[in-house]
Amino acid sequence: MIELFDVTKRFGDETAVDGITLRIEKGELCVLVGTSGCGKSTTLRMVNRLIEHDGGEIHLDGQPVRSFDEVTLRRRIGYVIQSTGLFPHWTVARNIGLVPRLLKWPRARVRERVEELMRLLGLPVAEFADKYPRQLSGGQAQRVGVARALAADPDILLMDEPFGALDPITRETLQHELRELQARLHKTIVFVTHDMDEALSLADRLVVMHQGRIVQQGGPIELLHDPANAFVESLLGGMDRGLKEAALIKVGERMLPLGPRLLASERIAYGASLSQALSVMLWHQVDRLTVVDEEDIPIGELSLRRLLGARAS
Amino acid sequence: MKSTALDARRITPLARARRWLTPLAWLALLLLSAGMGQLEWLFRLIEPDVRAVVYRRSGFFALLGQHILVVGVASLLAVVLGVGAAIAVTRPAGRDFLPLVSQLASIGQTFPPVAVLALAVPVLGFGTLPIIVALLLYGLLPIVRNTLAGIGSIPAEVHEAARGMGMTAGQVLRQVELPLAAPVILAGIRTSVTINIATAALGATVGASNLGDPIITGIVNGNTAYIVQGAVLIGLLALAVDSGFERLLRRG
Ligand SMILES: Nc1ncnc2c1ncn2[C@@H]1O[C@H](COP(=O)(O)OP(=O)(O)OP(=O)(O)O)[C@@H](O)[C@H]1O
Ligand SMILES: [Mg+2]
């Protein structure tokens, strides 16, 4: 659990973070969003004390971060940054094993852990262990960055625009993997991003910041429906909010069991989102889709009315 | 995959030995040349009219040893002081002195070594000491400059990650900064040492005996053979050391 109580940070005359109070529960994925320069990275870096806060208090599991030795503290917190910061003179395996080695794990255990993480992040050991960072693609490098952050199994993970520099497809793959990882590992994650779709799809809780303050926080759907002001509304997509919400809802949640009618000719997977279903309807100019499972077997149907109707019900 | 890596490792010792061929060849040539007292007939061709055509006041091996000793001591001190100073001013505590030191380093580069020597003698007297001091001061500068450049060129995100992962300041220095800056630092040391091998010859003018002796004596007495003997040995020494450094640098 991470708690910030009225936390402030000033750089000279400028107040980068202005009295933030925030509580991130254990196992929660909290996403910070806001315009450039609003203090997201500063907030993140105050948690692992790369930046010291000027006012207020930051607690980890009820203990002030200042009560920890900063080196010990950082080894307990995973940290991932956009530019990866992999050490260019170390192999992938050595980069990933950094924190376990700092913690003086026995060599065999470090190697075991490194290989376990490489498998977890889809980096075949034989192929990647001895590569150097310059030999990796952006997506592979970022996977190594995530593996390095997870190496010593920290409870807390700080991620500063980790997928910001990747192409949309790689980014989506990594988002998906992060979601699966999180479902298994239940880390407490603070995640910074500029990509609103990424924020909405990953967040248990969304925190909107503006000029060093928190403007609003809550679940993604809650914020979409009930933005506190015009700034939050436009940040969340303005008129696109309907589509953004639809992107968060799975077809499976809205479909009806197969009826007596003939199967509709166009199909959609039950794991697809409502926005994708809507897109298929628009594309084929139909108002009814057959919902299929992973094996492409029809399990239900989705009508346009059903797709639209949910908000009222 | 794995097997090619192993194969590569197996042939490495031989391949590595072969890569050192050039520096070793220069070294061999240098040692051979130090025995050039035997080549009296050759130098007689250059200077048919003088009585002594081979410098005999001391043996070439002794002069060579002296030369290496002076350059070695000065360079060692320069490395310790230069790298040390550059590290000190890139730490948070010493950062205030960074502009001063880097400015001194660049100004010092333009200062001719003869001038350093001229300034050192009145203070330190004649002999080996002033030349060591002059070489040290002159050799310091490329080392400081390159160490600063090497550490300064490490990407900010590498620093950020190193600290963020929980490395101590000492671990960041030893495991990240120095290894990453090593090629640039080594290049600075190379410049410093090779320049100083040539510059050390000036020591002969202030009474330090080394390979500069035959040259200075040759100039004073108008004996070209002496000059050639000193110059050839200094040149070969510089080449051997320089190609050794090149070898070291290319490995990275
Ligand atoms: N080390 C620093 N020294 C001085 N000012 C800083 C420092 N770090 C951040 N700032 C300032 O603090 C403010 C907040 O910066 P921060 O990096 O937290 O923004 P951000 O929300 O992460 O922005 P972005 O989305 O562009 O990454 C900015 O105005 C920035 O210029
Ligand atoms: Mg930022």
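This is a short group-meeting talk on a two-chain model, taking each chain in turn and then the contact between them.

Hi everyone, thanks for coming. One thing to keep in mind throughout: this is a predicted model.

Let's start with chain A. It has 313 residues, and 51% of them count as buried. Its secondary structure is a mix, with 15 helices and 13 strands. If you draw a box around the C-alpha atoms of chain A along the principal axes, you get roughly 65 × 50 × 30 Å. For the contacts in chain A between residues at least 6 apart in sequence, 62% link residues at least 24 apart.

On the outside, chain A has an accessible surface of about 14900 Å², and carbon and sulfur atoms hold 50% of that. As for charge, chain A carries 39 positive and 43 negative charges, and the mean positions of the two groups are 5 Å apart.

Let me zoom in on one residue, A:Gln175. You'll find it in helix H8 of chain A, which covers residues 168-185. Is A:Gln175 buried or exposed? A:Gln175 counts as buried because its relative accessibility is 6%, and the cut-off for buried is under 20%. Who are its partners from further along the chain? Beyond the neighbours within four places in sequence, A:Gln175 touches A:Phe163, A:Asp195, A:Glu198, A:Ser201 and A:Leu202.

Now over to chain B. Here we have eleven helices and zero strands. Chain B has 252 residues, 43% of them buried, and its C-alpha atoms fit a box of roughly 75 × 55 × 20 Å along the principal axes. Among its contacts with a separation of 6 or more, 74% are between residues 24 or more positions apart.

The exposed area of chain B is about 12900 Å², with 70% coming from carbon and sulfur atoms. Its side chains include 19 positive and 11 negative ones, and the centres of those two sets are 9 Å apart.

Finally, the place where the chains meet. How many residues does each chain bring to the contact? Chain B brings 18 and chain A brings 23. Three residues stand out on the chain B side: B:Glu160, B:Arg163 and B:Met165 give 35% of the area that chain B buries against chain A, more than any other three residues. Altogether, about 1800 Å² is buried between the two chains, and carbon and sulfur atoms account for 63% of it.

The count of salt bridges between the chains is one. It pairs the side chains of B:Glu160 and A:Arg45, at 2.6 Å from N to O.

That's my tour, and I'm happy to take questions.

Conventions:
Residues are numbered from 1 along each chain as its sequence is written. Chains are lettered from A and ligands numbered from 1 in the order in which they are written. This is a predicted model: local features need pLDDT of at least 70, side-chain atom pairs count only at pLDDT 80 or more; totals for chains, interfaces and linings use all residues. Side-chain values use heavy atoms; hydrogens and water are left out. Helices (H or I, at least four residues) and strands (E, at least two) are DSSP runs, numbered from the N terminus. Buried means under 20% relative accessible area, exposed over 50%, partly exposed in between (1.4 Å probe, protein chains only). Contact means heavy atoms within 4.5 Å. Accessible areas come from the Shrake-Rupley method with a 1.4 Å probe; for residues, only the protein chains shown count as cover. Lys and Arg count as positive and Asp and Glu as negative; His and the chain ends are not counted. The place of a charge is taken as NZ of Lys, CZ of Arg, CG of Asp or CD of Glu. Buried area is the accessible area (1.4 Å probe) that two parts lose on being put together, summed over both. A salt bridge is a side-chain nitrogen of Lys or Arg within 4 Å of a carboxyl oxygen of Asp or Glu.
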